[in-house]
Amino acid sequence: MFDIAIIGSGPAALSAAVNARQRNKSVCVFGRSLDSSLLFAAEKVDNYLGMPDLSGEEMLNQFYAHAVKRGVEFKESRISQIMPMGDRFMINADNEFFEAKTLILAIGLNKSRGIEGEMEYLGKGVSYCATCDGMLYRNKKVVVVGEHEEGEAEANFLADVCEKVTYVPLYQPVLNLKENVTVLNGKPKSVLGEGIRVTGIQVDDEMVECDGIFFAKNSTPPESLVFGLATDGKNIIVDRSMATNLPGVFAAGDCTGAPFQIAKAVGEGLVAALSAAAYIDANK
Ligand SMILES: Cc1cc2nc3c(=O)[nH]c(=O)nc-3n(C[C@H](O)[C@H](O)[C@H](O)COP(=O)(O)OP(=O)(O)OC[C@H]3O[C@@H](n4cnc5c(N)ncnc54)[C@H](O)[C@@H]3O)c2cc1C
């Protein structure tokens, strides 16, 4: 079990990782490749103290090398769900499971707009993780909305469990679907439900009846990563110690709101790491 699991791989995550190691905590960074950080796209960064004229890519490579030098572990992965388990958290990293005492969410800007009804029915038929929730839909009808090709693996997994799987790809080409998965091309408009259960999804003008809807997204809404996490609708709500509303869960960087700047992300990463370390020491 790790002391601290950090989700994300941008400046906030890497700063948190380096500073958690300074406190002698075991740390694993669960994040997608470095080029998924917003910073990677910056041609030249002029306002980060002491490192003028670097490109975003050069800066990220330096941050990463620093973290590796300090003994930070990395698991390149997309995290779909984290389950609180009493005194620890279970992290689903591309269907490999890891445990940590504390969490630091450094997942960057929330680019997931979501469709009407999506958040309302989260946990009531809407899911972001087939491995976690697929069995709830045994012999039922589900729809998988895939923003990227990993959605195909989710649909294929569900095809072994569910009565009917409809796949709505939001990218092309779709290459690796099982024969019993039906493809529906179109734009998802809204999640439909009655009371506390999903009943279907509107895709363009078509209403598809189903019991569950799985979204495979490029950017995961923070409240769907950890159940019960408080947001203001877009950003994770934190206090000055970067603590969220959930004990043992901290957040840093663009995911906590503006200003969207490297120095702010790095500073918040530091504070989150110190707070997570203090939390672990206080709960020994
Ligand atoms: C073109 C451009 C130029 C910029 N120029 C400047 C500048 O000159 N100066 C400045 O201060 N700022 C600049 N910025 C802003 C700066 O890049 C961001 O403020 C900074 O990258 C925020 O760091 P972060 O770690 O919070 O988020 P990010 O750098 O966005 O990193 C978040 C990481 O989390 C990962 N992630 C998200 N969800 C998951 C998940 N579920 N599982 C695994 N990983 C996940 C993402 O893949 C990403 O790697 C610029 C941004 C852009 C786009």
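Around the ligand stand 34 residues, and those that come nearest are Gly 8, Gly 10, Ser 36, Gly 108 and Gly 253. The model in which this shell is seen is a predicted one. By residue class, the shell around the ligand comprises 19 nonpolar, 11 polar and four charged residues. Helix H1 (11-22), strand E2 (27-31) and helix H6 (262-282) each contribute at least two residues to that shell.

From the ligand the view widens to the chain as a whole. Its secondary structure amounts to six helices and 15 strands. The C-alpha trace spans about 55 × 45 × 30 Å along its principal axes. The radius of gyration of the protein chain is 20 Å, which agrees with the value near 19 Å for a compact globule of 284 residues. Of these 284 residues, 42% count as buried. Among contacts between residues at least 6 apart in sequence, 59% join residues that are at least 24 apart.

The domain assignment divides the protein chain into domain 1, made up of 2-111 + 222-282, and domain 2, which covers 126-216. Between the C-alpha centres of domain 1 and domain 2 the distance is 30 Å. Where the domains meet, six residues of domain 1 are in contact with five residues of domain 2. On the side of domain 1 that touches domain 2, the residues comprise no nonpolar, five polar and one charged.

An open sheet of five strands comes next. Its order is E7-E14-E8-E9-E10, and the pairing is parallel. Strand E7 (126-127) and strand E10 (181-183) occupy the edges; each has a single partner strand, so one side of each is left without a neighbour in the sheet. Within the sheet, strand E8 (residues 141-146) runs parallel to strand E14 (residues 212-216), and five bridges join the two. Val 145 stands opposite Phe 215 of E14 in this pairing.

Antiparallel pairing appears in the stretch formed by E11, E12 and E13. Strand E11 (residues 188-194) is joined by six bridges to strand E12 (residues 197-203), and the two run antiparallel. Leu 192 has Gly 200 in E12 as its bridge partner. Two residues lie between E11 and E12 in the hairpin that they form, and Gly 195 in the turn has a positive phi of about 60 degrees. E12 is also joined to strand E13 (residues 206-209), in this case by four bridges, and these strands likewise run antiparallel. Here Gln 202 has Met 207 in E13 as its bridge partner. E12 and E13 form a hairpin with two residues between them, and Asp 204 in the turn has a positive phi of about 50 degrees.

A single residue, Cys 129, closes the account. Its place is in the loop between E7 and helix H3 (130-133). Is Cys 129 buried or exposed? Cys 129 is buried, because 21 other C-beta atoms lie within 10 Å, and the criterion for burial is 20 or more. Once its neighbours within four places in sequence are left aside, Cys 129 is in contact with Ser 80, Gln 81 and Asn 92. Of these contacts, Asn 92 is 37 residues from Cys 129 in sequence, while their C-alpha atoms are 8.9 Å apart in space.

Technical notes:
Residues numbered from 1 in each chain as written. Predicted model: local features only at pLDDT ≥ 70, side-chain atom pairs only at ≥ 80, totals over all residues. Domains from an automatic or database assignment. Contact = placed C-beta atoms within 7 Å. Nonpolar A, V, L, I, M, F, W, Y, C, P; charged D, E, K, R; others polar. Rg over C-alpha atoms; globule rule 2.2 N^0.38 Å. Buried ≥ 20, exposed ≤ 12 C-beta atoms within 10 Å, placed from the backbone. Pairing = 2+ DSSP bridges. Near = placed C-beta within 6 Å.
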